[in-house]
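User: Please take a close look at the charged side chains in this model. Keep it brisk, and tell me about their surroundings as well.

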Amino acid sequence: MAITIYDISQKAGVSTATVSRVLNGSDNVSPATRKKVTDIIEEYDYIPNAFARGMGLRSLRTVGLLCADSSDLYTSRAVYLLQQELQQNGYESLLCCTGFNQNVRKNYLNLILSKKVDSIILVGSHFIASTELENEYIKEAADQIPVMLLNASYNHPNVYSTLCDDYTSMYEAASSMLCSGIRDILYLYNSRSYSGLKKLNGFRKALTEHHIPDSMQHLLYYDKAPGNIEDIADFIREASDHGQPFQGIIASDDMLAVGGMKYAQQKRLRIPEDLSVIGYNNSILTACCTPALTSVDNCLEAITHQLIRTLLHVLAGEEMPQKVVFSGKLIERETTNFLKHN
């Protein structure tokens with residue numbers, strides 16, 4: 001098995017950032033430490049792709065971006081913000097849309113690695129799987145270059161996570177609705193990704209704290225493409241016709257929430273008098289519907305800015321936290337009326 005930068009750091013008794021500084025020719029390393037690291041590099045004939053440019057070749061100043069679905073509102077906005085930040089800092093980007101197939105993801109990641117990029121950014125939490133075997137390709141990539149995760153978390157050397165606390169954000173949104181007196185709430189979601197499960201668990205935690213039993217928890221998984229609002233509304237209507245009534249809808253993204261508003265229109269329900277609705281992501285959709293949609297702001301602009309800041313410092317050989325978490329905030333608009341209750 002080939003030696004990695006982490007093996008070198010362990011053998012030399014220094015941090016990976018120190019090894020990075022040596023490989024990049026930084027002056028910010030003592031002569032004794034530099035010799036210790038270079039002796040190990042020479043002993044094991046270590047010339048990694050990620051740092052070979054720092055030992056004589058120029059960096060291409062290029063970062064690879066991988067996303068599952070660029071048509072998704074959250075993803076497209078994130079990609080735009082990341083590319084803008086990279087360009088402002090003198091970096092170009094290569095974008096691949098992988099879909100959701102595990103093997104296709106691996107192939108695209110290997111393709112990006114072959115382009116000798118300085119780092120890879122995985123946009124969205126779909127890239128983190130539930131088993132270590134499925135995440136092996138991420139670890140292999142991180143053995144070569146820094147891997148940045150946007151809105152997901154994975155603990156491995158040279159993997160840096162920047163994310164919103166979706167669990168707490170959804171918990172607080174659900175608690176606001178419950179505290180307003182609405183107990184019959186439908187939770188509508190369309191993803192079982194890392195982020196999707198955090199939101200779901202946050203919602204359920206709020207119900208548990210308000211002593212609502214499992215039998216009264218309305219969880220509705222929408223397993224189709226979320227782009228058709230009419231289809232979402234029909235899906236909710238079919239479920240409501242065969243189940244218990246509800247007075248509130250909390251959705252895991254704004255598109256699903258707008259579908260909930262369309263359902264209310266079909267049923268001639270008044271919003272928020274008969275049905276309160278909360279979305280998630282605080283996207284452009286919140287202002288494109290009537291009434292304006294209450295939604296959780298997941299700090300996407302701040303998250304993308306922090307991710308690029310972390311990346312630039314890591315590429316400079318500096319120590320950076322491997323995980324930065326932001327707190328979301330419920331932005332109340334016209335689809336809820338919590339202020340008089342809370």
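Analyst:
**Charged side chains and their surroundings**

Lys 262 is partly exposed, with a relative accessible area of 26%. That value is neither under 20% nor over 50%, so Lys 262 falls in the class between buried and exposed. Keep in mind that this is a predicted model.

What does Lys 262 pair with? It forms a salt bridge with Glu 230, and the closest N and O atoms are 3.5 Å apart. This pair ties together distant parts of the chain. Glu 230 sits in helix H10 (residues 229–241), Lys 262 sits in helix H11 (residues 254–266), and 32 residues separate them. Glu 230 is also partly exposed, at 38% relative accessibility.

The total for the model is nine salt bridges. Two others lie within single helices, so take them in turn.

Start with helix H3 (residues 31–43), which holds both Asp 39 and Lys 35. They are four residues apart, about one turn of the helix. Their salt bridge brings the closest N and O atoms to 2.8 Å. Asp 39 is partly exposed, because its relative accessible area is 34%.

Now helix H7 (residues 136–142). Glu 136 and Lys 139 both belong to H7, three residues apart, again about one turn of the helix. Here the closest N and O atoms are 3.3 Å apart. Are these two partners buried or exposed? Glu 136 counts as partly exposed at 32%. Lys 139 has a relative accessible area of 16%, so it is buried. The pair does not stand alone: Glu 132, Glu 136 and Lys 139 are linked in a network of salt bridges.

Glu 134 deserves its own look. It lies in the loop between strand S3 (119–123) and H7. Glu 134 is partly exposed, because its relative accessibility is 31%. Its side chain makes a polar contact of 2.8 Å with the side chain of Thr 131. Leaving out residues up to four places away in sequence, Glu 134 touches Gln 102 and Ala 129. What about Lys 106? From C-alpha to C-alpha, Glu 134 and Lys 106 are 9.8 Å apart, with their positions 28 residues apart in sequence.

Next comes Asp 253. This residue occupies the loop between strand S8 (248–251) and H11, the helix that also carries Lys 262. Asp 253 is buried but has no salt bridge. The nearest side chain of opposite charge is Lys 199, 6.6 Å away. A salt bridge needs the nitrogen and the carboxyl oxygen within 4 Å, so Lys 199 does not qualify.

Which backbone atoms does the Asp 253 side chain reach instead? One is the backbone nitrogen of Met 255, at 3.1 Å. Another is the backbone nitrogen of Leu 256, at 2.9 Å. Beyond its neighbours within four places in sequence, Asp 253 is in contact with Asn 190, Gly 279, Tyr 280 and Asn 281.

S8 leads on to the sheet. Six strands form an open sheet with mixed pairing, in the order S7-S6-S8-S9-S10-S12. Strand S7 (218–221) and strand S12 (329–331) are the edges, each pairing on one side only. From one strand to the next, the twist averages 20°. S7 pairs with strand S6 (residues 185–189) in the parallel sense, over four bridges. Within that pairing, Leu 186 has His 218 of S7 as its bridge partner.

Last, a strand with a buried setting. All six of the six residues of strand S5 (residues 159–164) are buried, so the strand is largely enclosed by the rest of the structure. Val 159, Ser 161 and Leu 163 point one way from S5, while Tyr 160, Thr 162 and Cys 164 point the other way. In a regular strand, side chains alternate between the two faces of the sheet.

S5 has pairing partners too. Strand S4 (residues 147–150) runs parallel to S5 and is joined to it by four bridges. In this pairing, Leu 149 has Ser 161 of S5 as its bridge partner. Strand S11 (residues 323–326) also pairs with S5 in the parallel sense, over four bridges. There, Thr 162 has Val 324 of S11 as its bridge partner.

Definitions and conventions: Residues numbered from 1 in each chain as written. Predicted model: local features only at pLDDT ≥ 70, side-chain atom pairs only at ≥ 80, totals over all residues. Heavy atoms only, no water. Pairing = 2+ DSSP bridges. Axes fitted to C-alpha atoms, helices over the stretch in contact; angles between N-to-C directions. Buried < 20%, exposed > 50% of the residue type's maximum accessible area, 1.4 Å probe, protein only. Lys, Arg positive; Asp, Glu negative; His and termini not counted. Polar contact = N/O pair within 3.5 Å; in protein donor to acceptor, adjacent residues only side chain to side chain. Contact = heavy atoms within 4.5 Å.
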